[in-house]
Amino acid sequence: MTKKPDFEIFLVGIPGLEDVVLEEARARGFKGPKRVPGGVRILGQWHDVWRANLELRCATRVLARIGGFHAEHLSDLDRQARKFPWREWLRKDVAVRVETACHKSRIYHSGAATQRIETALVESLGATISDDADLCIKARIDHDEVLFSIDTTGDSLHKRGHKEAIAKAPLRETMAASFLRLSGFTGNETLLDPMCGSGTFVIEAAEMALGLKPGRTREFSFTQLRNFDSLTWSQMKAASSLAPSDFRFYGSDRDKGAISMATANAVRAGVEGVTLFSAQTISALTPPDGPPGLVIVNPPYGTRISKKQPLFDLYAAFGKVLIERFKGWRVSLVTVDSKLAKATKLPFAHTSDPILHGGLKVKLFRTDRLV
Ligand SMILES: C[S@@+](CC[C@H](N)C(=O)[O-])C[C@H]1O[C@@H](n2cnc3c(N)ncnc32)[C@H](O)[C@@H]1O
């Protein structure tokens with residue numbers, strides 16, 4: 001059988017963290033990775049789309065570019081959308097929805113364009129259109145070029161599928177994984193998050209160390225496409241480089257409720273054998289036995305100025321404990337305010353660009369090994 005030509009697959013990145021997705025796509029062996037606005041483009045076949053959804057920790061979504069055409073008017077769009085080979089990918093019995101974005105094009109009304117594409121889908125394929133459909137066709141009209149993509153992911157990739165209990169202000173898993181990569185973490189060292197909340201950093205780190213695939217337990221939209229092959233998909237999920245780890249991944253928090261959640265999340269993720277959680281405050285923190293590794297933390301930020309002083313005290317206490325007790329460890333701190341980072345008195349040597357998180361801009365501050 002002749003192999004079909006590769007097509008473009010777009011990996012949507014967290015704004016400000018697209019380069020991390022590029023690095024991850026390269027490391028996972030995807031073909032032709034290239035940084036483009038909003039994410040990374042790779043080339044491949046449908047099994048690469050499935051693999052990207054299954055294996056990538058830092059991307060938020062995987063779009064399959066299925067083709068397009070030139071259209072200057074709604075009537076062009078209407079006519080050509082009816083001739084588009086939707087049947088190759090879409091099933092009549094699976095409802096779809098359409099989202100359109102117009103940019104510098106004569107067709108500028110995205111609502112009207114969506115309506116034309118939906119009508120074409122109904123009349124040429126017999127598809128059912130529903131606002132609640134899991135499966136989404138994304139149309140981008142840029143300089144009169146219409147490009148269709150299928151969102152093959154569904155719920156954003158930060159939803160790993162095995163985390164149910166969420167503490168206050170959790171980090172998204174995709175963001176936690178990106179910060180781990182930016183911190184040079186590859187799974188081969190001890191890790192400690194002393195304000196771990198629901199355990200996001202600790203669980204991501206443990207999964208990385210054990211070679212567990214982030215999408216192994218969740219659902220994806222691509223399973224509703226005509227070309228989905230459940231046998232190959234099951235084999236892909238089963239083929240795992242599961243490796244025992246000599247390292248342990250520690251989380252602590254002063255909030256006992258958060259520790260119960262983190263423990264339950266670790267069990268659901270299947271990493272309870274290598275994670276240890278304990279309820280304790282920063283002041284009681286001591287390094288675990290063994291060689292130094294990475295301390296990674298996102299302490300509370302606080303948004304109101306009036307509430308800032310206790311935060312400065314907390315950051316100062318955190319820094320003091322690390323400087324006094326954690327010689328040889330590296331420290332990564334995620335926070336909104338450079339002044340809070342400075343209050344730790346830690347020797348930060350690297351600061352990331354600002355990254356949008358829950359309406360705030362956070363940065364990652366990193367030290368080299370503490371001396
Ligand atoms: C922004 S949340 C961390 C969220 C976490 N990264 C997650 O993904 O769920 C900050 C955490 O710091 C904890 N915390 C605040 N002060 C602390 C202290 N003095 N000692 C230990 N934990 C503290 C809070 O209980 C809270 O869970």
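So, one convention before we start: helices and strands here are DSSP runs, at least four residues for a helix and at least two for a strand, numbered from the N terminus. With that in hand, Lys-345 goes in the loop between α10, residues 338-343, and β13, residues 348-351. And please keep in mind that this is a predicted model.

Let me stay with Lys-345 for a moment. Its phi is positive, about 65 degrees, and it isn't a glycine. That catches the eye because most residues other than glycine have a negative phi. Buried or exposed, then, for Lys-345? Exposed, because its relative accessible area is 70% and the cut-off for exposed is over 50%.

There's another lysine of this kind. Lys-104 has a phi near 45 degrees, again a positive value in a residue other than glycine. You'll find Lys-104 in the loop between β5 (96-103) and α4 (110-125). Lys-104 counts as exposed too, at 62% relative accessibility.

Now, what does Lys-345 have to do with helix α9? Follow Ile-323, which lies in that helix. Setting aside residues up to four places away in sequence, Ile-323 touches Thr-344, Lys-345 and Leu-346. Ile-323 is partly exposed, since its relative accessibility is 34%. For a sense of scale, Ile-323 and Thr-217 are 106 residues apart in sequence and 40 Å apart in space, C-alpha to C-alpha.

Thr-344 comes up again from another position on α9. Asp-313 is in that helix as well, and from Asp-313 to Thr-344 you have 31 residues in sequence and 8.9 Å in space, C-alpha to C-alpha. Asp-313 counts as partly exposed, at 47% relative accessibility.

Next along the chain is Lys-327, in the loop between α9 (308-325) and β12 (330-335). What does the side chain of Lys-327 reach? The backbone oxygen of Ile-323, at 3.0 Å, so we're back to a residue of α9. Beyond its sequence neighbours up to four places away, Lys-327 touches Pro-292, Leu-322, Leu-370 and Val-371. There's a long-range pairing here as well: Lys-327 and Arg-369 are 42 residues apart in sequence, with their C-alphas 7.4 Å apart. Lys-327 is partly exposed, with a relative accessible area of 48%.

Okay, on to the ligand. Where does the ligand sit? In the largest pocket. There are 18 residues around the ligand, and Leu-171, Ser-198, Thr-200, Asp-253 and Asn-298 come nearest. Have a look at the polar pairs. A polar side-chain atom of Ser-198 is 2.8 Å from a ligand oxygen. With Leu-171 it's a polar backbone atom, 3.0 Å from an oxygen of the ligand. On the nitrogen side, a backbone N or O atom of Arg-254 lies 3.2 Å from a nitrogen atom of the ligand. How much of the ligand does the protein cover? 91% of the 610 Å² of accessible area that the ligand has on its own.

Then there's helix α5, residues 173-182. This one is mostly covered, with 8 of its 10 residues buried. The buried residues are Glu-173, Thr-174, Met-175, Ala-176, Ala-177, Ser-178, Phe-179 and Leu-180. Just after α5, Gly-184 takes a positive phi of about 80 degrees.

Two buried polar residues to finish. Ser-245 is in the loop between α7 (230-238) and β9 (249-253). Its relative accessible area is 13%, so Ser-245 is buried even though the loop carries it. The side chain of Ser-245 reaches the backbone nitrogen of Phe-247 at 3.0 Å. Further off in sequence, by more than four places, Ser-245 touches Gly-187, Ala-209 and Leu-210.

The other one is Asp-151, in strand β7, residues 145-151. Why does Asp-151 count as buried? Because its relative accessibility is 4%, and buried means under 20%. Which side chain makes a polar contact with the side chain of Asp-151? That of Arg-61, at 2.5 Å. Leaving out neighbours within four places in sequence, Asp-151 is also in contact with Val-62, Leu-63, Leu-135, Cys-136, Lys-138 and Ser-221.

That's my tour; happy to go back to any of these on the screen.

Methods. Residues numbered from 1 in each chain as written. Heavy atoms only, no water. Buried < 20%, exposed > 50% of the residue type's maximum accessible area, 1.4 Å probe, protein only. Polar contact = N/O pair within 3.5 Å; in protein donor to acceptor, adjacent residues only side chain to side chain. Contact = heavy atoms within 4.5 Å. Near = heavy atom within 4 Å. Areas by Shrake-Rupley, 256 points an atom, 1.4 Å probe, with all protein chains shown as cover. 1 Å grid on protein atoms, 1.4 Å probe; cavity = no way out; pocket = protein on both sides within 12 Å on 5 of 7 lines; lining within 4 Å. Sits in = over half its atoms within 2 Å of the grid points.
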